[in-house]
Amino acid sequence: MARLERGEGGIRALWIGAIACVAAVLVLTMAWFLPTNAQFATKSILLDQVPARLDTWLMVHNVRILLATVASVLGILAVAR
């Protein structure tokens, strides 16, 4: 859509913002969540480190939710224009 909206700078910017948010969600998922979840699954995290790791997991997950929400809102705004 960003390519199709070349003439409309504002709409194109919305699509590019949405794409950037989705890319950030993918990077967070691949770089943080896949390895961390694998460590939890294999129980390779020391027991005393689990609470701190879970707190970090939740914080990063909240960022991921925010990015996905922003991507959705930007896409809706771009379509509505």
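1. Start with R64. Setting aside residues within four places of R64 in sequence, this arginine is in contact with V25, L28, T29 and F33. R64 itself belongs to helix 2, which covers residues 50-80. Please keep in mind that the whole model is predicted.

2. Is R64 buried or exposed, and what is the nearest side chain of opposite charge? R64 is buried, and it has no salt bridge. The nearest side chain of opposite charge belongs to D55, 15 Å away. A salt bridge would need a side-chain nitrogen of Lys or Arg within 4 Å of a carboxyl oxygen of Asp or Glu. A reader checking this point in the structure should look at R64 together with D55.

3. Next, the overall fold. The chain has two helices and zero strands. Of the contacts with a separation of 6 or more, 63% are between residues 24 or more positions apart.

4. One pair of residues shows such a separation along the chain. A20 and A71 are 51 residues apart in the chain, and their C-alpha atoms are separated by 8.0 Å. A20 is part of helix 1. How accessible is A20? Its relative accessibility is 45%, so A20 counts as partly exposed; the range for that label lies between 20% and 50%.

5. Now the nonpolar core. Which residues form the largest one? There are six: I11, L14, W15, A18, L74 and A78. Helix 1 (9-42) and helix 2 are the elements that each give two or more residues to this core. Helix 1 provides the largest share, with four residues.

6. On burial and surface for the whole chain: 22% of the 81 residues are buried. The exposed area of the chain is about 5,700 Å². Carbon and sulfur atoms supply 71% of that area.

7. The loop deserves a separate remark. K43 sits in the loop between helix 1 and helix 2. What is unusual to check here is the backbone angle: phi of K43 is near 55 degrees, a positive value in a residue other than glycine. Is K43 buried or exposed? The relative accessible area of K43 is 72%, and exposed means over 50%, so K43 is exposed.

8. To recap two of the residues discussed: R64 is buried without a salt bridge, whereas K43 is exposed.

Note on methods. Residues numbered from 1 in each chain as written. Predicted model: local features only at pLDDT ≥ 70, side-chain atom pairs only at ≥ 80, totals over all residues. Heavy atoms only, no water. Buried < 20%, exposed > 50% of the residue type's maximum accessible area, 1.4 Å probe, protein only. Lys, Arg positive; Asp, Glu negative; His and termini not counted. Contact = heavy atoms within 4.5 Å. Core = buried A, V, L, I, M, F, W, Y, C linked by side-chain atoms within 4.5 Å. Areas by Shrake-Rupley, 256 points an atom, 1.4 Å probe, with all protein chains shown as cover.
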